[in-house]
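Work through the following exercises with the sequence and coordinates at hand. Each task is followed by a solution in steps.

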Amino acid sequence: MRLRIFFCLLLLAVSFDAAAGNLYTTINRLRAGDGICAGAENLPPLQPQSALERVARDLARGNRLPQSLEAAGYRAVRSSALSIKGHRVGAQAEAMLARQNACRQLQDGAMTEVGIYLDDRQLWIVLAVPFAPLAGVSDEAAERRILDLINQARATSRYCGNQLFNAVRPVRWNDSLAEASLRHSEDMARNNYFSHSGRDGSNPGQRVERAGYRFRTVGENIAAGQQNAEAAVAGWIKSPGHCANLMNPAFVDMGAGVVVDRRSEMGVYWTQEFGAPL
């Protein structure tokens, strides 16, 4: 009798696994504009993610989305969830999704990953954009990319707030300023704060001196949360004070440091030091 019960449960589990696999195909077919969801153009398929399957399971048990993502160790830039309930929901999922008008969520072009939980009476679908700073790029390449972007910005006159700055000569990379930048980014990430003042009370001038850079003038830009160098520099250009720093004709040297820490509040921290040596 026990063997028969175990066998039945095993068949049920296999059945649900197969149904979930078919549902991934159905979701990506709907996302592509087939069936009930018309109008999508060249949307890439959502990639199944086991961590999101755990999130979907927790939602089915009554948990909330943010807490479920955290418990699964999945850091998302964006996320959403939808559910349908009813008898034999797996077999009727497409029709039920149509009645729930789920196409907009399934065809959100920003979403890239998906997880499903299915039992005999409910289906949960979790969509997400994973937090993936510097995807495919090393920290060193991102830091050097900042130099290129800053010099592109300095090559063009621009307003920083209400102040006009003329085009100015490029800055050059300086390893000491890069070291000071990296140490401050590490400190912010490790201690989960965002400030020009270090945890030890240091200011930018003191930090670059510690790194061996003797300066006539110095300036610092910081940013947090941006997932690539382009976004970090774009944010600085939009901020009048940061923009004035990067357009300052007195600066001749620059260094940058980026640190990723998924356990921190912002996830990624950027520091940029400018200077003119003695």
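The exercises below concern a predicted model, and they go from the whole chain to one sheet and then to single residues.

**Exercise 1. Overall form**

Task: Decide whether the protein chain is a compact globule or more spread out, using its radius of gyration.

Solution:
1. The protein chain holds 10 helices and 10 strands.
2. For 278 residues the globule rule gives 19 Å, while the radius of gyration is 25 Å, well over that value, so the chain is more spread out than a compact globule.
3. The spans of the C-alpha trace along its principal axes are about 85 × 45 × 25 Å.

**Exercise 2. Burial, surface and charge**

Task: State what share of the residues of the protein chain is buried, what part of the accessible surface belongs to carbon and sulfur atoms, and how far apart the mean positions of the positive and negative charges are.

Solution:
1. Buried residues make up 44% of the 278 in the chain.
2. The accessible surface is about 14,600 Å², and carbon and sulfur atoms account for 50% of it.
3. The chain carries 31 positive and 27 negative charges, whose mean positions lie 4 Å apart.
4. For contacts between residues at least 6 apart in sequence, 70% join residues at least 24 apart.

**Exercise 3. Strand order and edges**

Task: Give the order of the strands in the four-stranded open sheet, and explain why one side of β1 and of β2 has no neighbour in the sheet.

Solution:
1. The order is β1-β3-β4-β2, with mixed pairing.
2. Strand β1 covers residues 47-48 and β2 covers 76-85; both stand at the edges with a single partner strand each, so one side of each is left without a neighbour in the sheet.
3. β1 and β3 run parallel and are joined by two bridges.
4. β3, residues 113-118, and β4 run antiparallel, with six bridges between them. A hairpin of three residues connects β3 to β4.
5. β2 and β4, residues 122-130, are also antiparallel, here with nine bridges.
6. In general, strands of a sheet pair through backbone hydrogen bonds, either parallel or antiparallel.

**Exercise 4. A row across the sheet**

Task: Starting from Pro48, trace the residues that stand opposite one another across the sheet, and find how far β3 and β4 are covered.

Solution:
1. Pro48 stands opposite Val114 in β3.
2. Val114 in turn has Leu127 of β4 as its bridge partner.
3. Leu127 in β4 also has Ser80 opposite it, and the row therefore runs Pro48, Val114, Leu127, Ser80.
4. Two further pairs involve β4: Leu118 has Leu123 as bridge partner, and Lys85 stands opposite Gln122.
5. In β3, five of the six residues are buried; in β4, eight of the nine are.

**Exercise 5. Three residues and their surroundings**

Task: For Ser68 and Arg169, decide whether each is buried or exposed, and list the contacts of Ser68, Arg169 and Asn28 beyond four places in sequence.

Solution:
1. Ser68 belongs to helix α3, residues 65-71. The cut-off for buried is under 20% relative accessible area; Ser68 has 1%, so it is buried.
2. Outside its neighbours within four places in sequence, Ser68 touches Val55, Asp58, Leu59 and Asn63.
3. Arg169 lies in the loop between β6 (163-165) and β7 (172-173). Exposed means over 50%; with a relative accessible area of 51%, Arg169 is therefore exposed.
4. Arg169 still has contacts beyond four places in sequence, with Arg154, Pro249 and Val252. Its C-alpha atom is 7.9 Å from that of Asn151, a residue 18 places away along the chain.
5. Asn28 sits in helix α1, residues 2-31. Beyond four places in sequence, Asn28 is in contact with Pro45 and Leu46.
6. The C-alpha atoms of Asn28 and Pro45 are separated by 5.4 Å, although the two residues are 17 apart along the chain.

Technical notes: Residues numbered from 1 in each chain as written. Predicted model: local features only at pLDDT ≥ 70, side-chain atom pairs only at ≥ 80, totals over all residues. Heavy atoms only, no water. Rg over C-alpha atoms; globule rule 2.2 N^0.38 Å. Buried < 20%, exposed > 50% of the residue type's maximum accessible area, 1.4 Å probe, protein only. Contact = heavy atoms within 4.5 Å. Areas by Shrake-Rupley, 256 points an atom, 1.4 Å probe, with all protein chains shown as cover. Lys, Arg positive; Asp, Glu negative; His and termini not counted. Charge placed at Lys NZ, Arg CZ, Asp CG, Glu CD. Pairing = 2+ DSSP bridges.
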